[in-house]
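Welcome, and please have your viewer ready. We will go from stop to stop, selecting a few residues each time and looking at what surrounds them.

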Amino acid sequence: MGTFFGSLLHRLSTSNKVHLIWLGAVIIIMITLAVLHHRWKGNGKKIRLWRLLCLIPLITGAVHAFIYLTGFPLFVIGHFPLYVIALSALLPIPFAKRKIGYRVTGAITGLVTCVFGFYYLGMSPLYFNHSRESYTESFHSLVQDMDRYYVLKEWKEIDFAALEDKYMPLVREAEQTQDRGKFTEAVMAFCCELHDGHVPVVTDDEGMIRFASYTMSYKPHEYGLAMVQLDSGDVIAVCTTEDVQKLGIEDGTVITEWNGKDILTACEEDVPDLGMPVKENADRVAAMVLSGVGGDTADVSFIDKDGSEQTVTLTDLGEPHTQLEAFRAYRHLETLGTEEEFQSLDEENFTTKMLDDKCGYLRITTEGTDNGLYDMIVGYMTGDHARAREMFRQKLRDLRAQGMEYLVIDLRNNQGGADEVTNALCDLFATEDQYGLGVGTRKNGKYICNADHNIHADGEFADLKVVALTNFGCLSAGDSASHYLSRLPNVTLAGLTDPYGCNQETGGISVLSGGSVYVGFPVGLVLDGNGDVNIDTRPDRISRNPVEERIPLDYDAAMKIFRDKEDYELEWAIHYLESESS
């Protein structure tokens, strides 16, 4: 029970105390109504008054909605438990004079109040609605919200006042012209400075909610090619179109300069900061990002087939697509950037198959089961997800029955969820209990652990050789999955890149002027065994969750990935396991 109450204390630390006061007021009103009914039930005149008084919780809920939802009605998602409780007060009204009817409806109302009240107590969101403020006012409010509640303020050494001074001129400029695009770009640039994958900027574009690619304040041009830097340091063209092929640049052509600068210098100096927490990951995709940097034209120097250096001028071809194609291939995610992206990942989650007669395969794209209520109430609060453990056990037994001698766990592009799900998988590989994570409270800039969620050794598959594949599209609980698995002696974490580099719990949202832009940020504290922040990078942006085996990226690998669209990383993992098992 210590873990349960510690987890509850942790959840309370991330709750919005203002909304809990509203909840308390509604509950006190409902208790008062129950007492009044007991005293007045024999008096017809007072019962009529009592029925009118039963509207007070509903009116209270309506006032709350007017104050906190006006301008951004989507916040009802976070506050619906409060409104359900307020509505439940209406149930006993028709049965006020009926003994059995009142007892039944009163019991239902009490049950609803307890269940939804408990849920709201632990999940009351840190939502802030600044939609009725101006650009400058709402930006200032965002800074104030994050300065107070952003859980990594001290860890990342963020000076929010300095950042506000830096970006407020851009916000004022946007306000003078009422340019929503400029305002959004200023907010994105501000968020990029935090280098936190849990600080997305979300925009409402013509009624469609679109996630900026984790604070990407950069709009690429389309020059008909993308570029990638190999392990050797060479930068080559990939995903080339006919327009640039006619100029002599093909897939694999070595690029030497970009707009008159040495290509590596340009990668270092001209690539915008996209907010990636791990600098090495950012460096590994810098050439890809650079392929969209420029103006109406870009001058590109390259080595032709005769070994001579040539320079051509590329023209912006309009709607960007080549760079996205390259990122899709690099992350092995065909639906990246489409409306089907998250759906496709969900459909792959927990799927298994045999890759050959010896190698099993388990795909994990999110740490969440079909029973989200169990994930939160039991798995999270107790730190022990028994259902997930048994699910993984059965899947691995099925693979072993098909001849599995070694296993690939594919964590690439994992979008996160509940760490306890992966801990349950680790249980099956561990022969000794291990520390998992601590959920804690941030108080006066200090970190206090409230409860430990550990790995409980089961060891049924401890003899199984495993490669866990990860990449920079693997974040949040996917980041922690990479970390916890890598600590097991029979598991090797491998990838072209390190995981994204963020693991704290989300929950804070600030809606800005007009309700068309909002910013999320982490407010729940996750700690490691030393009592430090778990996984998230410090100001040096060095990965605290690196891969153990860096999958090599040479010319042949690049052609397999970008030209042939093969799953080179999976091929590498199979060969690695074969060699380790021989």
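**Stop 1: Asp-532**

Select Asp-532 and show what surrounds it: leaving out residues up to four places away in sequence, Asp-532 touches Trp-155, Val-526, Leu-527 and Arg-544, where a contact means heavy atoms within 4.5 Å. Asp-532 is found in the loop between β19 (525–527) and β20 (549–550). Helices (H or I, at least four residues) and strands (E, at least two) are DSSP runs, numbered from the N terminus. With a relative accessibility of 33%, Asp-532 counts as partly exposed. On this tour, buried means under 20% relative accessible area, exposed means over 50%, and partly exposed is in between, with a 1.4 Å probe and protein chains only. Now add Ser-141 to the selection: Asp-532 and Ser-141 are 391 residues apart along the chain, and their C-alpha atoms are separated by 29 Å.

Before moving on, please note that this is a predicted model, in which local features need pLDDT of at least 70 and side-chain atom pairs count only at pLDDT 80 or more, while totals for chains, interfaces and linings use all residues. Residues are numbered from 1 along each chain as its sequence is written, and side-chain values use heavy atoms, with hydrogens and water left out.

**Stop 2: the whole chain**

Zoom out and switch to a cartoon. The chain has 21 helices and 20 strands. Its radius of gyration is 27 Å, close to the 25 Å that the globule rule gives for 582 residues, so the chain is as compact as a globular protein of that length. That radius is taken over C-alpha atoms, and the rule is 2.2 Å times the number of residues to the power 0.38. Along its principal axes, the C-alpha trace spans about 105 × 65 × 40 Å.

Of the 582 residues, 53% count as buried. Among contacts with a separation of 6 or more, 72% are between residues 24 or more positions apart. Turn on the surface: the accessible area of the chain comes to about 25,200 Å², and 54% of that belongs to carbon and sulfur atoms. Such areas come from the Shrake-Rupley method with a 1.4 Å probe; for residues, only the protein chains shown count as cover.

**Stop 3: the cavity**

Where is empty space left inside? Rolling a probe the size of a water molecule over the atoms shows this. A cavity here is a set of points, on a 1 Å grid over the protein atoms alone, where a 1.4 Å probe fits but cannot get out, and lining residues have an atom within 4 Å of a point. Grid points are joined across faces, edges and corners, and a volume is the space filled by probe spheres set on the points.

The count comes to one cavity of 30 Å³ or more, and the largest cavity has a volume of about 90 Å³. To see its lining, select Leu-8, Arg-11, Phe-118, Tyr-119, Gly-122, Met-123, Met-376, Ile-377 and Met-381. Colour α1 (2–13), α6 (99–123) and α16 (372–382), the elements that give two or more residues to this lining. Which element gives the largest share? That is α6, with four residues.

By class, the lining has seven nonpolar, one polar and one charged residues. Ala, Val, Leu, Ile, Met, Phe, Trp, Tyr, Cys and Pro count as nonpolar, Asp, Glu, Lys and Arg as charged, and the others, Gly among them, as polar.

**Stop 4: two positive phi angles**

Most residues other than glycine have a negative phi. Select Phe-350, which is not a glycine yet has a positive phi of about 65°. Phe-350 sits in the loop between α15 (341–348) and β10 (352–354) and is buried, at 8% relative accessibility.

Next, pick Ser-476, where phi is also positive, near 60°. Its loop runs between β15 (465–469) and α19 (477–486), and at 12% relative accessibility Ser-476 counts as buried.

**Stop 5: a strand and a helix**

Select Ser-301 in strand β8 (residues 297–303). Is Ser-301 buried or exposed? Ser-301 is buried, with a relative accessible area of 4%. Leaving aside neighbours within four places in sequence, Ser-301 is in contact with Ile-255, Thr-256, Glu-257, Glu-309, Gln-310 and Thr-311.

Finish at Glu-325 in helix α14 (residues 322–331). Glu-325 is partly exposed, at 30% relative accessible area, and touches Cys-239 and Lys-565, not counting residues up to four places away in sequence. Add Ala-226 as well: it is 99 residues from Glu-325 in sequence, and 8.4 Å from it in space, C-alpha to C-alpha.

Notes
1 Å grid on protein atoms, 1.4 Å probe; cavity = no way out; pocket = protein on both sides within 12 Å on 5 of 7 lines; lining within 4 Å.
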